[in-house]
Amino acid sequence: MTYAELAITSNFSFLRGASHPEEYAVQAAALGLAGIGIADRNSVAGVVRAHSIAKQHKVRLAVGARLVFADGSTPDILAYPSDKHAWARLARLLSLGKQRAEKGECYLGIADLLDWQEGLNLIVMPPEDARTLNIAVLHRLRGAAPGRVWLGANHLYQGDDARRLARLDRLAKSARLPLLAN
C-alpha cells in the first residue's frame with residue numbers, strides 16, 4: 001500500500017489523541033501502510049518512542065508538530081521538517097511559543113511560522129466549515145514556502161463530505177496549492 005496517514009495525534013496531545021505513538025507504528029505495520037506522520041499539538045514529545053518502534057516494524061515515520069495558533073482564525077498547520085536544520089527551526093519555533101505562554105500552553109502567530117518556516121513541509125488543516133478558511137493565509141504560506149505547502153482534505157462523515165471536498169479543491173486551485181488527502 002502506498003498510503004501514509006499524516007495527521008496522527010498521539011496521547012502526547014492531552015485530551016485530543018488517545019494512543020501512544022509506538023502503538024500507531026505497530027498498527028500501521030499491521031495495516032500495511034507505507035508510513036505514518038505523527039504531529040502532536042505544539043509538541044514533538046513522542047518522537048523517541050515512535051521512532052524506535054517504527055524502525056523495528058519497518059514503518060516510515062514522519063515526525064512533526066501540529067501548530068495551533070493563538071489568534072483563533074489561522075487554521076492548524078502540520079509542520080514536518082525536511083532535514084536536521086529544519087528540525088532545529090521547528091524546535092526553536094515551539095520553544096518560542098512556549099516561552100510566551102503559561103506552562104503547558106503555546107502562543108504562536110502566523111508571523112512566527114513565517115519567520116521559522118525554512119525547510120518545513122506544511123499541511124494546512126482546514127476547519128470543519130471550509131467556508132471559514134482564510135485564503136489569505138494560504139497565499140502567504142505559498143509565497144513564503146513555495147513547493148512546501150499543501151491543503152489537507154479529509155472526510156468528516158457528517159453527510160456533506162462531497163460538497164466540502166469540492167470546496168476545498170476550489171480553494172486549493174485558487175491558492176495554487178496541491179490538495180492532500182489526510
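**Strand S6 and its neighbours**

Q: Which helix makes a right-handed β-α-β unit with S5 and S6?
A: In this predicted model, S5 (residues 120-124) and S6 (residues 149-153) are the two strands of the unit. Helices (H or I, at least four residues) and strands (E, at least two) are DSSP runs, numbered from the N terminus. The unit is right-handed (clockwise from first strand over helix to second, strands pointing away from the viewer). Its helix, residues 135-144, is H5.

Q: How is the predicted model numbered and filtered, and which atoms are left out of side-chain values?
A: Residues count from 1 along each chain as its sequence is written. Local features need pLDDT of at least 70, side-chain atom pairs 80 or more, while totals for chains, interfaces and linings use all residues, and side-chain values use heavy atoms, leaving out hydrogens and water.

Q: In what sense do S5 and S6 pair?
A: Pairing takes at least two DSSP bridges between strands. S5 and S6 have three bridges, and their sense is parallel.

Q: Which residue of S6 stands opposite Ile123?
A: S5 spans residues 120-124 and pairs with S6. Opposite Ile123 in S6 stands Trp150.

Q: Which residue in S7 is the bridge partner of Gly152?
A: S6 also pairs in the parallel sense with S7 (residues 179-181), over three bridges. There, the partner of Gly152 is Leu180.

Q: Through which helix does the chain cross from S6 to S7?
A: This β-α-β crossover is right-handed. The chain runs through residues 161-175, helix H6.

Q: How many of the five residues of S6 are buried?
A: S6 is mostly covered. Buried means under 20% relative accessible area (1.4 Å probe, protein chains only). Of the five residues, the buried number four.

Technical notes: Buried < 20%, exposed > 50% of the residue type's maximum accessible area, 1.4 Å probe, protein only.
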